[in-house]
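Q: Please take a close look at one part of this structure, and show how it is packed and paired. Then follow the same themes elsewhere in the chain.

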Amino acid sequence: MEKFVDVIVPLPIAGVFTYSIPPDFIHKVQEGCRVVVPFGVKKYYTGIVIKVHDAPPQNCVIKGITDVLDDGPIVLGSQYHLWRWIADYYLCTLGDVYKAALPSGLKMESETLISINSEYDFGLAFSDDEIRVINELRKSEQTIMQLSKTRCVKRLLPVMKSLLDKGAIYVKESLKSTYRPRCEVFVKFSERMKDEEFVRLQLDALNRAPKQQHLMMKYIELSGWSPMHLAEKEVSRKMLIEKSNTNYSILNELVRKGICELYEKEVGRLTDTNAGATPLSVLSDMQMKAYQEIVAVFREKNICLLHGVTASGKTEIYMHLIDKVLKSGKQVLYLLPEILLTTQLTERLKLVFGSRLGIYHSKFSDSERVEIWKKQLAQDCFDIILGVRSSVFLPFRRLGLVIIDEEHETSYKQQDPAPRYHARDVAIMLASMVNAKVLLGTATPSIETYYNATHGKYGLVQLAARYRNVCLPFIELVDIRELIRKKRMVAQFSPLLVQRMRNALEAKEQIILFQNRRGFAPMVECRICGWVPKCKNCDVSLTYHKKSNCLSCHYCGYLEAMPHECPACGSQDLVHRGFGTEKIEDEIKVLFPNARVVRMDLDTIRTRAAYEKAITDFEKRDADVLIGTQMISKGLNFDYVSVVGILNADSMLNYPDFRSYERAFQLMAQVAGRSGRKNKRGLVVLQTKSPELSLIHQVIANDYLGFYTEQLKERLLFKYPPFCRLIYVYLKHRKEEILDEAATFMATLLKNGLSGRVLGPDYPPVSRIQTYYIKKIILKIEKQLSMEKVKMFLLQVQQNTLLNERFHSLVVYYDVDPM
C-alpha cells in the first residue's frame with residue numbers, strides 16, 4: 001500500500017503539505033524527522049514530518065519526498081503540540097513557528113546556481129561584460145551572490161538576463177546546508193610500532209633527527225603508549241605540536257617514515273567542563289523561608305511568582321530549587337531576558353552544576369546551536385538549559401521546572417518576524433503540557449502577572465529585604481527643569497550628580513549612567529530653517545553617530561553622511577538635539593579624563609565576545625564608569641557600584657502607550673537596584689523635569705504596591721489588560737492611498753462583527769518603515785469572550801479583504817498580547 005506524509009515547510013503558508021513516500025524510504029520515515037521535499041517548480045526545502053498515513057489527497061498531483069535526513073525524530077511530539085498552540089494563539093502559520101524554532105543549520109533549502117551551457121556555441125559575439133561573466137563561470141558554477149562578489153561587472157543582472165536569453169548559461173537548484181560537523185586531526189602510532197625491532201631501529205635512526213625524536217617522545221608521554229598497548233589516550237595534532245614546540249613539517253616526516261598516522265574525527269563545538277564540585281551556598285533565614293514557601297506552593301499550584309527586591313538573593317533560591325529538581329531526575333529550563341545576563345550567571349551555575357549545564361542563545365554560532373539541539377535529543381542531554389527566549393523551542397524529554405527570571409522584561413516578546421510570541425507565556429504553556437512547574441522571579445512584576453498572583457491563579461512568595469539586610473539605595477531627586485533654566489547643568493549632568501560621581505571615583509568605587517537612547521544625538525536640526533534629516537525609507541529622523549560621522553536610521557539601518565551644510569537653505573549652523581549614550585561617553589571623558597569608561601549599547605555590543613569583555617572589564621574593576629541603555633538594567637550584579645545616575649527619566653514617560661508608566665517604573669527601579677549590592681548602601685541620582693509625578697515618588701519609595709494599585713484603577717477604567725485581551729491588527733502597503741482604503745474596509749468589517757471592541761484604524765507613532773506605510777487597528781476583547789471564535793472571525797475578515805484585487809499586495813499581520 002502506498003504511504004504518504006504530511007509535512008511542514010519553513011514558509012509563511014497556512015496548512016501542511018502531503019507528499020508520497022518512495023518505496024526506498026518507507027522504513028526510514030518517522031514522525032518528527034526531516035525530509036527533503038520539492039516545492040513549487042524548482043525549489044527544495046527541508047520539511048518536518050508530522051504524520052505518516054495511507055490516505056491520498058484528492059484532485060491533485062502528488063510529489064514524492066526526495067530524501068530522508070534523520071534516523072530518528074528531530075522534533076518531539078510535545079514540541080509539535082507546542083508549535084500548534086503558538087500558531088493558533090499568535091495567529092501565524094506553522095511554517096512561521098518552524099522557521100523560528102529550528103536553528104538554520106537544520107533547515108536546508110535550495111539555492112540557485114548559475115552554470116555554463118556546455119553545448120552552446122561560444123564562437124558567437126559577446127560583449128566585454130558577458131565575456132567576463134562567462135570566464136568566471138568557467139572556473140566553477142556559482143550563485144548570483146558569489147558572482148556579484150567577484151565584481152567582474154558593474155551591473156550583473158542585465159548581463160545575466162542577456163546570457164540566459166541567448167542560452168549561454170542556465171540556472172539550477174542545489175540543496176545547501178549551513179551546518180558542518182567540527183572535525184579535528186588526531187595522531188597515532190602506526191601498526192608497525194607493535195614490532196619491537198622496528199621501534200628500536202627508528203629510535204636509533206632518530207638520534208640524527210633530534211626534533212623528530214623529541215616529538216615522538218612527547219607523543220609517548222601524552223598518550224601513555226607502550227608496545228603492548230598502542231595508545232592509552234587520543235592526542236590531537238594541534239595539542240602535540242603545541243606541547244612539543246615543533247611544527248607540522250616535523251610531524252609529516254614521522255608520518256612519511258611510517259612511525260605515525262593521522263586520522264580525522266568529529267569533535268563537536270560544545271565545550272565540556274568537569275567543574276561542579278562547589279557546594280550550594282547556605283541560604284539566609286529569609287531565603288530559606290521563601291524557598292520553603294515556593295516548595296509548598298508547588299504542591300497546590302503549577303505557577304508561583306517570587307516577588308523579591310533587587311539584590312535579595314533570588315538566584316541562590318533558584319539554584320537550590322534546580323538542585324532539588326535534578327535530584328528527582330528531571331530537567332530545568334532557566335530563561336533570562338538578555339544574552340548579557342547569561343555571561344554573569346554561567347560561571348555561578350557551572351561552579352555548582354558543571355557539565356550538566358548547557359547555554360543556548362543567538363550569539364552562539366548556528367553550528368553550536370545545532371549541536372545543542374542534537375544533544376538535547378540524545379541520552380546524555382543537558383539537565384539544565386540556560387538561555388533566552390528561543391530556548392523554549394529546544395527539545396526536553398524530562399522537563400520538571402521552568403524558571404523565568406525578570407519575568408516583566410519586554411525582551412521576552414518577539415516583535416518581528418512572526419511568530420510574535422511571548423516566551424514567558426509560551427514557557428507556561430510548555431510546562432502545562434508536560435506537567436512541569438513554573439517559577440516567575442522579579443523585583444518589579446508585570447501588572448498582569450501580579451494581578452494573577454494576587455487573585456489566586458498563581459502562588460505568591462515575597463522576599464522584602466536585600467541579602468544580609470543591606471539597605472535599598474537612597475534616591476536623590478533632581479529637578480533639572482530649573483537647573484536648565486538657570487544654565488547650571490554641566491553638559492547632561494546636574495551639579496549634584498557631578499559631585500557624587502567625583503566622590504565615587506576618589507573612593508575607587510564604580511558608577512553606572514543610564515540613558516535609554518543610543519547614538520550621539522537623536523536629531524540634527526538646522527538652526528536657521530528648522531530642516532531635520534529624515535530616513536528615506538521610514539517616517540523617522542536620523543540619529544547622528546559621532547564615531548562614524550554618519551546619520552543612521554535605527555529602524556531599517558539606512559545610512560548617510562553627515563552634511564556640512566543644510567541642503568534646504570545652505571546654512572552651516574547645524575545643531576544636535578537631545579543626547580544618546582555616545583554623547584554621554586564623550587562628556588564623561590571630558591569631565592573625568594582619568595576615568596576608564598565602558599559603553600554598552602547595540603552600537604558597541606554586537607558579538608558574544610564583546611558582551612563578555614564589557615561585563616568582565618567592569619566586574620574586575622578595569623573600568624570605572626559603565627554607560628548604557630536598558631540592557632544594563634536587567635539583573636546585572638556588580639559589587640562595587642556606589643552611584644547610579646538616571647539622566648532623563650522623562651524620556652521613558654512621554655511615550656504614547658498604555659504601558660509607558662509601567663515600563664518607566666520597572667526600568668528606573670531595576671537600574672537603581674544595580675547600586676550598593678554588597679555591604680554599603682548605594683546612591684541613585686534621578687534627574688527629571690517632572691518631579692511632581694506620583695510615579696517618580698513611587699520609584700523613590702520603592703512603593704510597588706502603590707504603583708500597581710494606581711495603574712490597575714486606570715486600566716479598569718479604560719479597559720486594558722489584565723481586564724481584557726488586546727490584539728493589534730497591522731496593515732502595510734507601499735502606497736498610502738491603497739493602505740488607507742484597505743484599513744477602512746477591514747475596520748468596517750471588524751466593527752460590524754465586534755461593534756465597540758474595535759478602535760481605529762490609525763497610524764502608529766512610526767507610520768512608515770522600510771518603504772511600507774503602516775496602519776493599526778486595536779481590538780479589545782473581554783476575557784469572557786471566546787478568543788478562538790474572535791480569531792476565526794479575524795482570519796475570515798482578512799480573507800475577505802484580500803479578495804479585493806486592489807489589496808492583493810496588502811500585508812496583514814497580528815500582534816496578540818502586544819507589549
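A: What follows starts with one helix contact and then moves to salt bridges, a buried side chain and some backbone details.

This is a predicted model: local features need pLDDT of at least 70, and side-chain atom pairs count only at pLDDT 80 or more, while totals for chains, interfaces and linings use all residues. Residues are numbered from 1 along each chain as its sequence is written, and side-chain values use heavy atoms, with hydrogens and water left out.

Take helices H15 and H23. H15 covers residues 447-454 and H23 covers residues 704-718. Such labels come from DSSP runs numbered from the N terminus: helices are H or I with at least four residues, strands are E with at least two. The two helices pack at an angle of about 100°, with their axes 11 Å apart. Axes are lines fitted to C-alpha atoms, for helices over the stretch in contact; angles run from 0 to 180 degrees between N-to-C directions. H15 is therefore roughly perpendicular to H23. The classes are roughly parallel under 35 degrees, roughly antiparallel over 145, roughly perpendicular from 65 to 115, and oblique for the rest.

Now the residues. H15 brings Ile 447, Glu 448, Tyr 450, Tyr 451 and Thr 454. H23 meets them with Tyr 704, Leu 705, Phe 707, Tyr 708, Gln 711, Leu 712 and Arg 715. Contact here means heavy atoms within 4.5 Å. By class, the contact has 8 nonpolar, 2 polar and 2 charged residues. Nonpolar covers Ala, Val, Leu, Ile, Met, Phe, Trp, Tyr, Cys and Pro; charged covers Asp, Glu, Lys and Arg; the others, Gly among them, are polar.

Glu 448 and Arg 715 also belong to a network of salt bridges, together with Arg 659 and Glu 662. A salt bridge is a side-chain nitrogen of Lys or Arg within 4 Å of a carboxyl oxygen of Asp or Glu. Side chains of opposite charge can pair when their charged atoms come close.

Glu 662 leads to helix H21, where Glu 662 is one of the buried residues. Buried means under 20% relative accessible area, exposed over 50%, and partly exposed in between (1.4 Å probe, protein chains only). H21 spans residues 660-672. Of its 13 residues, 11 are buried, so H21 is largely enclosed by the rest of the structure. Among them are Phe 665, Leu 667, Met 668 and Val 671. The length of H21 checks out too: 13 residues at 1.5 Å a residue should span 18 Å, and the end C-alpha atoms are 18 Å apart. The expected span is 1.5 Å times one less than the number of residues.

The salt-bridge count comes to 40. Arg 132 pairs with Asp 129, with the closest N and O atoms 2.6 Å apart. Both lie in helix H3 (residues 128-139), 3 residues apart, about one turn of the helix. Arg 132 is partly exposed at 39% relative accessibility. Asp 129 is partly exposed at 30%.

Arg 577 and Glu 525 meet at 2.7 Å, N to O. This pair links distant parts of the chain, strand S24 (residues 574-577) and strand S20 (residues 523-526), 52 residues apart. Arg 577 is partly exposed, at 35% relative accessibility.

Asp 740 bridges to Lys 775 with 3.1 Å between the closest N and O atoms. Here helix H24 (residues 736-754) is linked to strand S32 (residues 772-782), the pair being 35 residues apart. Asp 740 is partly exposed at 25%, whereas Lys 775 is buried at 9%.

Gln 376 in helix H13 (residues 366-377) is buried, at 0% relative accessibility. Beyond its neighbours within four places in sequence, its contacts include Gln 331, Phe 382, Pro 395 and Arg 397.

Last, the backbone. Most residues other than glycine have a negative phi, and most peptide bonds are trans. The bond from Ala 418 to Pro 419 is cis, with omega near 0°. Pro 419 sits in the loop between strand S15 (399-405) and helix H14 (423-434). Glu 406 lies in the loop between S15 and H14. Glu 406 has a positive phi of about 50° and is buried at 6%. Lys 487 has a positive phi of about 55° but is exposed at 76%.
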